[in-house]
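Okay, thanks for squeezing me in. I'll put the structure up and then talk about pockets, one helix and a couple of cysteines.

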Amino acid sequence: MRYLLFSSLFIALFFACTSSNNMVIGPKTNLISFWRTEIRDTIQKNEYRLIFSTPKTNISSICIVKQSNGLWKGTIINEFGVKVFDFVSTPQKCELMNVISFLDKWYVKRVIASDIQFIMEIDNPKYEEGIKSVRVSAQDTLSVIYKNRKELKRLPDGKIIYKNKKRAINYTLIRIDYE
C-alpha cells in the first residue's frame, strides 16, 4: 500500500512537470485586430483622406489602397490631382515608386516607407514590428505602440492616427465613403 501511494504520487508529479503541446514559444501574438472591415476592405479599393503633419506644416491628400495577391498597393495624390508617390507594402518591406521630386531623397523615402509599412501591415502575423508591438484598448480606442517610437490609434469614429514620435510626423487617415 505504501508503494502504491508513493508510485501514484511520483506519476502525478511527473505529469505535472511535463510540458503540454499547446505551449506558445517565441513572441506573444496579440489577439486584438487593429483594422476592422468597416475601415479597410481587403477585396475592394479603399480611399482615405490623408493629412500629413509635421511641427511646421500640414499637407492634405487622398490615399487609395487595394490588396492584390497579398500585397498592399496604393497611391497618394494631393488634392489638385498630382501624384505624390505610389507604394507597395509587404511584411518584409515597403517600396515607394514614382516619388515626386521634393520627396525623392533616400532618407525621406526610408522614413515614409517605414511608416506606411507599419500602418498597412500591423495586423499581419509575418510583420515583426506588429508582433513586437503592445496593443492597448481603452474607451473604444485601440492604440498600438512600438518601442515608444511609433503609435497607431484607431478612434471610435473610425479615424486612424499614426505618430512617428522619433521624427515628429503625424498621419491621419479618414475613410472616404461615397454612399
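Before anything else, one cut-off: when I say buried, I mean under 20% relative accessible area. And keep in mind that this is a predicted model.

So, helix α2, which runs over residues 106-121. By that cut-off its buried residues are V111, I112, A113, D115, I116, Q117, F118, I119, M120 and E121. The helix has 16 residues and spans 22 Å from first C-alpha to last, close to the 22 Å you'd expect at 1.5 Å a residue. One reminder from the textbook: an α-helix has 3.6 residues a turn, so residues three or four places apart point the same way.

Now the pockets. The largest has a volume of about 550 Å³. There are 29 residues lining that pocket, and the closest to its centre are F52, F85, L103, I112 and Y171. I112, remember, is one of the buried residues of α2. Which element gives the most to this lining? That's α2, with seven residues. The elements that each supply at least two are β1 (46-53), β2, β3 (71-78), β4 (83-89), α2 and β10 (169-175). As for chemistry, the lining splits into 23 nonpolar, five polar and one charged.

Next, the second largest pocket, at about 240 Å³. Here the lining is R110, V111, S114, D115, E129, Y146, R149, K150, N164, K166 and R167. Again α2 gives the most, this time with four residues. V111 and D115 are in that lining, and both are on the buried list for α2. How does this lining divide by residue type? You get two nonpolar, two polar and seven charged. So if you're setting up electrostatics, that's the list to stare at: R110, D115, E129, R149, K150, K166 and R167 are all in there.

Last bit, the cysteines. C63 sits in strand β2, residues 58-68. Is C63 buried or exposed? Buried, because its relative accessible area is 6%, and the cut-off is 20%. Leaving out residues up to four places away in sequence, C63 touches N46, E47, Y48, L50, T75, I76, F87 and L173. Its C-alpha is 9.9 Å from that of V84, which is 21 residues away along the chain. C94 counts as buried too, because its relative accessible area is 13%. And for anyone about to ask about disulfides, the structure holds zero.

That's me done, fire away.

Note on methods:
Residues are numbered from 1 along each chain as its sequence is written. This is a predicted model: local features need pLDDT of at least 70, side-chain atom pairs count only at pLDDT 80 or more; totals for chains, interfaces and linings use all residues. Side-chain values use heavy atoms; hydrogens and water are left out. The expected span of a helix is 1.5 Å times one less than its number of residues. Buried means under 20% relative accessible area, exposed over 50%, partly exposed in between (1.4 Å probe, protein chains only). Contact means heavy atoms within 4.5 Å. On a 1 Å grid over the protein atoms alone, a cavity is a set of points where a 1.4 Å probe fits but cannot get out, and a pocket is an open set with protein on both sides within 12 Å along at least five of seven lines; lining residues have an atom within 4 Å of a point. Grid points are joined across faces, edges and corners, and a volume is the space filled by probe spheres set on the points. Ala, Val, Leu, Ile, Met, Phe, Trp, Tyr, Cys and Pro count as nonpolar, Asp, Glu, Lys and Arg as charged, and the others, Gly among them, as polar. A disulfide is a pair of cysteine sulfur atoms within 2.5 Å.
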